[in-house]
Structures are given as C-alpha cells and as structure tokens.
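Dear colleague,

Please find below the structure that I am handing over to you. My findings follow it.

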Amino acid sequence: MAAPGENLRIDGDRLWNSLMDMAKIGPGIAGGNNRQTLTDADAEGRALFQSWCEAAGCTMGLDQMGNMFARKEGTDPEALPVYVGSHLDTQPTGGKYDGVLGVLGGLEVLRTLNDLGIKTKHPIVVTNWTNEEGTRFAPAMLASGVFAGVHTQDWAYDREDAEGKTFGDELERIGWKGDEEVGARQMHAFFELHIEQGPILETEGKNIGVVTHGQGLSWTQVTIMGKDAHTGSTPMPMRRNAGLGMARVLVLVDEIAWSHKPHAVGAAGQINVYPNSRNVIPGKVVFTVDFRSPELSVIEDMEARLRAGAADICEEMGLSVEFEKVGGFDPVEFDQTCVKAVRDAADRLGYSHRDIISGAGHDACWINKVAPTAMVMCPCVDGLSHNEAEDISKEWAAAGADVLLHAVLETAQIVE
C-alpha cells in the first residue's frame, strides 16, 4: 500500500479558526477557558462539535458515559475503525488547546478527506472523551477509563464534585447521556494529538513529539498530625509542628525524584494546612505527593522510600503520619506500529521531530489497554499548560494535524 503523498496537508487556517470558535464557549477570566466537564458550557461545546461533524457528513454515536463518536464510513463495512480524538473539557483556569487540539485536529482530518475526495478502507471515528481533566469529578481520564475497563460505570456515576453533585446526575442533566454500552466498540487503532504540556520540544526547536511511552503516576495523600499551639508563646522544644514535618518530607520527595534522574519527577501539588492561621502552629497538614516515571520499578521504589522516610521524620519530631494511595496508573508503552506511523509521517512531511515520553496522563494511556495506540505532540510556549496563558502557534497546530492525518491515513488505508 502506498504511503500518503508528502503534499497532502490539512487546512491550517480552518483548524485554527475552529480552535478559536470553540474557545468562545466557556471563556475564562484571563484569555483561556473554563469549560469544566458536564457543565452547561461543556454541553454547548459538545453541541458545536456535533454540528461541525454532521456538516462534515459524519454520524454521531453517544455512549452511556457521554463519550462522543463522529464516524466517517470506510469502503469496507467489515473493517474496524481507526479512532482519533482527545477531550473538550478544560481545567477551571485552562487553556484553549489542551485536549481541544486533539478533537478538532481529528475533525480537520475528516474535513481534509472530504475536500480531496479521499476514501479509506477503514472507517475513521473522531472521539471526544468525557471528563479527561478530572478537575470536577476525580479521577482524571474517567470515561476513557470506563471504556477500557479500568473503572466500573456505576463507580464513575457515583463520583461527586465539590458541591456533592454526582457525575451520573450531571451527565443526565446536561442531556449528553447516550444509550450505547461503554466499551462495546472495537478499534483498529487509536491516535491522539496533544500539546506537549512541557518545554522540551520548544526548547529543542522540534515541531513534533513522537510519543513512545506515557509516564506512570502515583498519588499518595500524606496526613501529618501534630498539635495546634500559639506561635508566640510555645517554646521551640515543646512544639509538634506538622507544617515543619511536611517541609522536611517535601525535601525528601525532591531528593527521591532526583535520585532517579533524568525521567523521574516528584512534588506535592495539593497542600492543605490546618488551622491555617497566622499565629497558630499547624497541628495538621494534608498533602498529595505526585511521583511519575516511565518505569514501574522506579515508581514502586519512590513510593516505598516516601513512606519509610516520612515515617522516620515524623517519629523523630513526635508527629503521627498516615498514607493513602489516592490515584495512579502504570507506565504505558505505546504500540510500535502506530508509533512508527507517526514517526514516518513526520519524516515524510519534513518536520523536525524527536521521541518523547509523555509526562501527563491522557486518554490514550487507557485506550492503549484495548487497542493499538500512539500519540502525536506539538510544542507549547514555555511548556505552559493547565493555565489560561497556555499558547501554541498556528504552525505548530498545523504540523501536528498534518502528522496525525498521515498516520491515520496510513493506518486506515487509502483506497485508490
């Protein structure tokens, strides 16, 4: 089978205009977006996406987790579809590209095929996965996790937001709960285009990241108990300062991550101090340690050293400590054939590229469990993401979508 011609490209202006039109829905307060999952803004964004897909001649499927599947038929009714996509939901202070580029880049692939009259043996399906961010209903990648059998649907429906509203009730409220059984679909392959969310590609001047692995993740919630006391009248030797205990544990977290350089990382991103008063020594702290590595043995070592080291620190300081693993997933190795299709596409198109390990979790990490999967990444300015100032260039977006187009066409097989 012949590879797609190097002159085959998407319409970069049309893709960019679609990104800007979607960004008008659920605007943030500083130029980005607040289109959290299962909100009215999410419903509006979904409706716009559906209207675009239908205008492109697609049929829309909807499953019981609200996952959207826009299908362009292939010439072989028996051939399994090639899926592409990502997510339309954002962080509360999110950018215009995280996730959205992957969904609308997939749509742009279909529009380009329509423009050029290209047919494929395999159908192509563009997917919007529900609640990838996990910011309103934890954990992240919830609906793709149900699709891949990682979570049960009932458990997912029972997830609550900060106001006590459940995922299942809110999905029904916004009108995007489908009838289709979750996970019933079979895939020939899955490709996800995404911004890097890190600084490597921009720093090295590369257009494309060929994602070979996804880092594994471990979230351990640590609770340290001391004793609330007056900051002015409590002698230093008589203090049981939970805040100081946390500080020493965080130094340990940093040391543990550095010991597994260059790929391991670690920090605490969520910290709560009680009673959080200016003149009260903290009697309780609760924080979540986030360790990541592309190697499972490294994650396990970091977890074990955190627990042992924090216990020693707290015992020495007269503090108590408890640990709870509140999230995580094993490292991912993406399908070699799909990865090669991405790398070959970048070569064919003349885009500079490098292999890269995804530092963040993505829907592709779960879908990799049930179908051959790979990811394409494009740079983002200063590596900034999960921030309203998140930014990419039109050229980066087009390059990523071009590579996506070629990888998808090679996999879906052009019919001459």
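**The sheet and the helices packed on it**

In this predicted model, strand 8 (residues 216-225) and strand 12 (residues 284-293) pair in the antiparallel sense, with 10 bridges between them. Within that pairing, Val222 has Phe287 of strand 12 as its bridge partner. As general background, the strands of a sheet are joined by backbone hydrogen bonds, in either a parallel or an antiparallel arrangement.

Both strands belong to an open sheet of 4 strands in the order 10-12-8-13, paired in the antiparallel sense. Its edges are formed by strand 10 (265-274) and strand 13 (320-329), each of which pairs on one side only. On average, and with direction ignored, neighbouring strands of this sheet are turned by 15 degrees against each other.

Two helices should be noted here. Helix 8 (residues 242-258) packs on the sheet and touches strand 8, strand 10 and strand 12. The direction of helix 8 makes about 5 degrees with that of strand 12. Helix 9 (residues 296-317) lies across strand 8, strand 10, strand 12 and strand 13. Relative to strand 13, helix 9 runs at about 165 degrees.

**Salt bridges**

The structure contains 21 salt bridges. Three of these pairs are described below, followed by a network.

The side chains of Arg348 and Glu410 form a salt bridge, with an N to O distance of 2.9 Å. Because Arg348 lies in helix 10 (residues 336-349) and Glu410 in helix 12 (residues 394-412), this pair ties together parts that are 62 residues apart in sequence. Are the two partners buried or exposed? Arg348 counts as buried, since its relative accessibility is 19%, under the 20% cut-off. Glu410, at 24% relative accessibility, counts as partly exposed.

A further salt bridge joins the side chains of Asp21 and Lys24, at 3.3 Å from N to O. Asp21 is partly exposed, with a relative accessibility of 31%, whereas Lys24 is exposed, at 61%.

Lys177 and Glu172 also form a salt bridge, and their closest N and O atoms are 3.7 Å apart. Lys177 has a relative accessible area of 35% and is therefore partly exposed.

Besides these pairs, Asp40, Arg136, Asp161, Glu170 and Arg173 are joined into one network by salt bridges that share partners.

**The chain as a whole**

The protein chain has 12 helices and 17 strands. Its radius of gyration is 23 Å, close to the 22 Å that the globule rule gives for 416 residues, so the chain is as compact as a globular protein of that length. Taken along the principal axes, the box filled by the C-alpha atoms is roughly 80 × 45 × 35 Å.

How many of the 416 residues count as buried? The share is 54%. The protein chain exposes about 17,300 Å², of which carbon and sulfur atoms supply 48%.

Contacts across the sequence were examined as well. Among contacts between residues at least 6 apart in sequence, 79% join residues that are at least 24 apart.

With kind regards

Note on methods
Residues are numbered from 1 along each chain as its sequence is written. This is a predicted model: local features need pLDDT of at least 70, side-chain atom pairs count only at pLDDT 80 or more; totals for chains, interfaces and linings use all residues. Side-chain values use heavy atoms; hydrogens and water are left out. A salt bridge is a side-chain nitrogen of Lys or Arg within 4 Å of a carboxyl oxygen of Asp or Glu. Buried means under 20% relative accessible area, exposed over 50%, partly exposed in between (1.4 Å probe, protein chains only). Two strands pair if DSSP finds at least two bridges between them. Axes are lines fitted to C-alpha atoms, for helices over the stretch in contact, and angles run from 0 to 180 degrees between N-to-C directions. Contact means heavy atoms within 4.5 Å. The radius of gyration is taken over C-alpha atoms; the globule rule is 2.2 Å times the number of residues to the power 0.38. Accessible areas come from the Shrake-Rupley method with a 1.4 Å probe; for residues, only the protein chains shown count as cover.
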